[in-house]
Amino acid sequence: MRVIAGDFKGRRLQAMKGDNTRPTTDKVKENVFNIMGQFFTGGRVLDLFAGSGNLGIEALSRGMDEAVFIDMNPNAIRVIKENLTQLKIQDRTEVYRNDAFKALNVLAKKGAKFDLIFLDPPYGKVAITELLKVVVEKNLLNDEGMIMCEYNAGQSVLFDGSYIKETRRESYGNIEILILEKVGK
């Protein structure tokens, strides 16, 4: 696993050992960033179910200012911190070990807002629809913000169309990618 573009292009990232995680492949990651925009001019990213921090680190490499990484697995937290230390970007990041839904509520209470949110939960274990519902209810997305959802193809994903709209949906074998944007202001 490596950083594909930007400041850290070509740098290898530590991955979680074992079968408990399913990192986004370089091919899918590259396609996702081609869809969303290859580079960013600042902003804040939330990498929920962060695993190794692969997606959030890629966003930082491509121009995001800050990132928040959340995962429930203590080994994932260790790997994320190692990757951030290796790239010397700890000062631009926050890393939390927490349940995704609890973390979203805590972030909302702190008044956190994001320009980019990655929702990549373990397939079939957490409903993307429920995560999107919390993001909408807590108004965690900045104006013109985007959400990238990765899930098992064939899974149904519903969302509040008055808050977010679908801009793109792609399939890569058994992987489905859904890109959403905040509606209006």
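This is a short talk about the sheet, the helices on it and the aromatic rings in one structure.

Okay, so before anything else: this is a predicted model. Let's start with the sheet. Seven strands make an open sheet, and the order is β3-β2-β1-β4-β5-β7-β6, with mixed pairing. If you look at the edges, you'll find β3 (93–97) and β6 there; each has a single partner strand, so one side of each is left without a neighbour in the sheet. On average, neighbouring strands are turned by 15° against each other, ignoring direction.

Now the β3 end. β2, residues 66–71, pairs with β3 in the parallel sense over five bridges. If you want a spot to find on screen, A67 has T93 in β3 as its bridge partner.

Over to the other end. What is the sense of pairing between β6 and β7? Antiparallel, over eight bridges, with β6 covering residues 164–172. K165 is opposite E181 in β7. These two strands make a hairpin with two residues between them, and G173 in that turn has a positive phi of about 65°. β7 also runs antiparallel to β5 (residues 141–152), and seven bridges join them. There, M148 stands opposite I179 of β7.

How many of the eight residues of β7 are buried? Seven of them, so this strand, residues 175–182, is largely enclosed by the rest of the structure.

Next, the helices. Helix α4, residues 100–109, packs on the sheet and touches β1 (44–48), β2 and β4, with its direction at about 155° to that of β1. Helix α5 (residues 128–137) lies across β1, β4, β5, β6 and β7, and runs at about 170° to β5.

Last bit: the rings. There are two aromatic pairs in the structure. F33 and F40 have ring centres 6.2 Å apart and planes at 75°, so that pair is edge-to-face. Both of those residues are buried. Then there's F33 with F118: centres 6.0 Å apart, planes at 55°, so this pair is tilted. F33 is in helix α1 (residues 26–36) and F118 is in strand β4 (residues 114–119), so the pair ties together parts that are 85 residues apart in sequence. F118 is buried too, at a relative accessible area of 0%, and F33 also comes out at 0% relative accessibility. Put together, F33, F40 and F118 form one aromatic cluster.

And one more ring: the charged end of R62 sits over F39, 5.9 Å from the ring centre.

Technical notes: Residues numbered from 1 in each chain as written. Predicted model: local features only at pLDDT ≥ 70, side-chain atom pairs only at ≥ 80, totals over all residues. Heavy atoms only, no water. Phe/Tyr/Trp six-rings, centres within 6.5 Å; stacked < 30°, edge-to-face > 60°. Buried < 20%, exposed > 50% of the residue type's maximum accessible area, 1.4 Å probe, protein only. Helix = DSSP H or I, 4+ residues; strand = E, 2+ residues; numbered from the N terminus. Lys NZ or Arg CZ within 6 Å of the ring centre and 35° of its normal. Pairing = 2+ DSSP bridges. Axes fitted to C-alpha atoms, helices over the stretch in contact; angles between N-to-C directions. Contact = heavy atoms within 4.5 Å.
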